[in-house]
Structure formats: C-alpha cells, structure tokens
Amino acid sequence: MKKINLSALITIVLLLSGCAVNENKTATTTQTEIVTANEITTTEEEIPILPERIYPDNAYKELDRSFLEEKEIDRGTVVKFTYETKDNLGGGDTTYEKYALVYLPAGYDENDTETRYNVMYFMHGGSDSPNWFLKGEGKKSQFAYLFDQMIADGEMEPMILCFVSYYTDYRSDDTQNCLNFHNELINDLIPAFESKYHTYAEDVTPEGIKSSRLHRAFGGFSMGAVTTWATFENRLDYIAYYLPVSGDCWALGGTAGGYRPDETALHLAEAVKNSGYTAEDFYIYTGCGGNDIAKANLEPQVEAMKKLDDTFILCDNFADGNFYHCLYEGGGHDKNTVMHVMYNGLPKMFG
Ligand code: FER
C-alpha cells in the first residue's frame, strides 16, 4: 500500500548491485546503466512496493509500564501554543483565541530549520481539554513519558504532538463543535502552528500543507474520535493518517456507527471517492478497549467498513492494507486505552 517512487527504487537497486557490476561488467556497460537510470529518474511514475520501515504483523503489542518510572532518558518538552480562530462554520469577523498543548521531542531546536518532524493533532473527549493528556505547560505527564520512552527506544521517530480542543466561545453544542473542528484545523490552526514548528510543510499555503499530508496525522479519544472521523471525511487532502480511539463516526447521527453501521461505512467510502483519493492514499488506525462503552458503536462500524474492501482494507500491517482495528482487551473508556492504542498505532504512521 505504501509507495516509494521509481527513481528511489532504481537508486537502491543500483547501489545494491554496484559491486557485481564493477566486477563483472565493463565500464561502458556500467555507464550505460547509469544513463538509463537517469532517464527513468525524470519520470515521476510511482509503483507500489513495501514500506521503507517494515513492521511485523502486529494487531496488538502489550505496553511495558516501565515507561512511567523516573529514569535517565532524553525527555521532550511541553509548551503552550495560542492561535486565533473564527467561527468554524460561519467564519465572520470575530476572532477567538484558543490554545493547544504541544509535545516537542527531545532535541527539538527552534533554530534548526533543516530538521523536519512528523506531526499529529490529537483531540480530547467530552468535558476535557488538552490538559487531560499533558497536564500543562512545562508539566510531567504519563503521555509525555510514553512518547519520550517510545522515541528513546527507537520505536518511533521523534515527532510533534499537538493536543487541541473542540470547545469554542461561540457554540455550546459539542457535536457541532466536533463535526466542524476540521475547518478551524485547516483554516487557522495548521497554518499558524506549522509556520512556527518545523513540520514537513514547505509553507503553509493549502498546496504546502497538502503536499506534506503523508507526514501529518489526526487522532482523538471519544468525542475526539468523532472529530477524527469528521476530519477524515472532509480533509483527506491535508492529512493521510488517522487514529480514532474509542469512538465512532457521527456523520449520520450521534453513535450512528453503532446503529447505522452500513450506511455510516458507505458514507465514509463515498467521502473517499468524492475526494478523488483511493485506498492507497490514507491510513486509519482505530482502536478501543474490550470493556469500552464505545466498543458497541465502533465495532459495528469497523465490521461494516471491512465489507467495503475496495476502500477500507483491514490489515495487521500497513504493507497489506490501510485499516487497523486495535482491541486492548482489558481496556475501558479511558486514558489507559488511549495510551495502549497510541503506543501500538503511532509507530506505524507516516511515510
Ligand atoms: C462513542 C463516541 C463518543 C461513544 C461515546 C462518545 C459511548 C462520547 C460521549 C461523551 O463524551 O459524552 O462511540 O460511545
């Protein structure tokens, strides 16, 4: 499912075969092969091959809780980011200030404009805030300790995580706030955030954000998962990776993933088709706990999506498909489940 372009593949093949060519063939032959490779390099054709980072098939891996211990590893920092936004439905002239809490990995240097980082935006559940994950600016938290440990162990590349909120000063309807958050995300938050932090966006024009979509993820817990499915169906052109935890798609009504699973799945598949993208262009890592109240809504939706396998290809490895479902057996509708799903899902993202 993942792709690298043909020129990269040819470069790898030439590098791997370099010794044999020098031993067995004349210089002229070698020269000819390089010229041929250069010619092909100019074509932008892409062919599907295995991902650059290959993971074992792995529906679920247990989380070693020793990440919670105080130990001498490099740790990231937690900072507050403020931005201005407008009514996420109407636009209008009134601006509202909002904040996000940001995990910056160890070694992040704002003066180093060369190094680029993958970025995930992540939404809280009902009644909560970004502090549910990261406590506050400069604070220690289990989530930050988890990311520190995963990066220190080489389980994932250093990345930026931006914890956001759907709450607004202008609307009290949570569902509407979640379903429309993607407008605020794309119009206001990402341009402000990615002009400050060193993500893969070359610039924050729509084109700059779109062309870095494989280095951007959106996820969330509970109402944050509702937000994630809404972002998926509207913003595939800006974001390629999704991690909805413990929540279903509410496009057809609250908890409709549970009571209208087939229509919800079809709605999501239609959104993919209408966006012009195909099954090869996005990745969804969803998950919930075995004792999670949202399981009854998420799992029927997953089962229905599974049936639409020209769009959603259930897999244990993103080399084989675009859609994981991670079940944390003992988990409830809580932080522990979010940590288990993030621990399993984050390393498989970005390409
Ligand atoms: C679900 C999605 C969201 C769900 C619950 C929620 C029980 C959120 C509820 C809330 O925060 O009030 O599938 O299942």
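Two strands are taken to pair if DSSP finds at least two bridges between them. By that criterion, strand 4 (residues 91–104) and strand 6 pair in this predicted model, as three bridges join them in the antiparallel sense. One of the positions involved is Tyr103, whose bridge partner in strand 6 is Leu161.

Leu161 is a handy place from which to look at the other neighbour of strand 6. Here the partner is strand 5 (residues 118–123), and six bridges hold the two strands in parallel pairing. Met120 is the residue that stands opposite Leu161 on this side. Strand 6 therefore has an antiparallel connection to strand 4 and a parallel one to strand 5, and in general the strands of a sheet pair through backbone hydrogen bonds, in either sense.

The surroundings of strand 6 (residues 159–164) leave it mostly covered, with six of its six residues buried. Its side chains point two ways: Met159, Leu161 and Phe163 face one way, while Ile160, Cys162 and Val164 face the other. Both sets are buried.

Stepping back, these strands belong to an open sheet of eight strands. The order across the sheet is 3-4-6-5-7-8-9-10, and the pairing is mixed. The edges are taken by strand 3 (77–87) and strand 10 (323–328). Each of these has a single partner strand, so one side of each is left without a neighbour in the sheet. On average, and with direction ignored, neighbouring strands are turned by 20° against each other.

At one of these edges, strand 3 runs antiparallel to strand 4, and ten bridges join the two. They form a hairpin with three residues between them. Bridge partners can be followed along this pair: Thr82 is matched with Tyr99 in strand 4, and Thr85 stands opposite Tyr96. Thr85 is worth a closer look. This residue of strand 3 counts as buried, at 1% relative accessibility, because the cut-off for that term is under 20%. Its side chain also makes a polar contact of 2.6 Å with the side chain of Asp188.

Attention now turns to the ligand. Its surroundings are made up of Gly126, Ser222, Met223, Val226, Gly247, Asp248, Trp250, Ile293, Ala294 and Asn297. Of its own accessible area of 370 Å², the protein covers 72%. The shell divides into five nonpolar residues, four polar ones and one charged residue. Two side chains in this shell come within a short list of polar distances to the ligand. For Asp248, a polar side-chain atom lies 2.6 Å from an oxygen atom of the ligand. For Asn297, an N or O atom of the side chain is 2.8 Å from a ligand oxygen atom.

Two residues elsewhere in the chain catch the eye for their backbone geometry. Most residues other than glycine have a negative phi. Ser246, however, has a positive phi near 55°. The residue sits in the loop between strand 8 (241–245) and helix 8 (256–259), where it is buried, with a relative accessible area of 1%. Lys135 also has a positive phi, of about 70°, although it is not a glycine. Its place is the loop between helix 3 (131–134) and helix 4 (142–152). Is Lys135 buried or partly exposed? With a relative accessible area of 46%, Lys135 is partly exposed.

Among the helices, helix 11 (residues 335–345) is mostly covered, as nine of its eleven residues are buried. The buried positions are Thr337, Val338, Met339, His340, Val341, Met342, Tyr343, Asn344 and Gly345. In an α-helix, residues three or four places apart point the same way, because there are 3.6 residues a turn. Helix 5 (residues 174–196) contains Phe193, a buried residue with a relative accessible area of 0%. The C-alpha atom of Phe193 is separated by 9.1 Å from that of Val204, a residue eleven places apart from it along the chain.

Terms used: Residues are numbered from 1 along each chain as its sequence is written. This is a predicted model: local features need pLDDT of at least 70, side-chain atom pairs count only at pLDDT 80 or more; totals for chains, interfaces and linings use all residues. Side-chain values use heavy atoms; hydrogens and water are left out. Buried means under 20% relative accessible area, exposed over 50%, partly exposed in between (1.4 Å probe, protein chains only). Helices (H or I, at least four residues) and strands (E, at least two) are DSSP runs, numbered from the N terminus. A residue is near a molecule or strand if one of its heavy atoms lies within 4 Å of it. A polar contact is a pair of N or O atoms within 3.5 Å; within protein, one must be able to donate a hydrogen and the other to accept it, and residues adjacent in sequence count only if both atoms are side-chain atoms. Accessible areas come from the Shrake-Rupley method with a 1.4 Å probe; for residues, only the protein chains shown count as cover. Ala, Val, Leu, Ile, Met, Phe, Trp, Tyr, Cys and Pro count as nonpolar, Asp, Glu, Lys and Arg as charged, and the others, Gly among them, as polar. Axes are lines fitted to C-alpha atoms, for helices over the stretch in contact, and angles run from 0 to 180 degrees between N-to-C directions.
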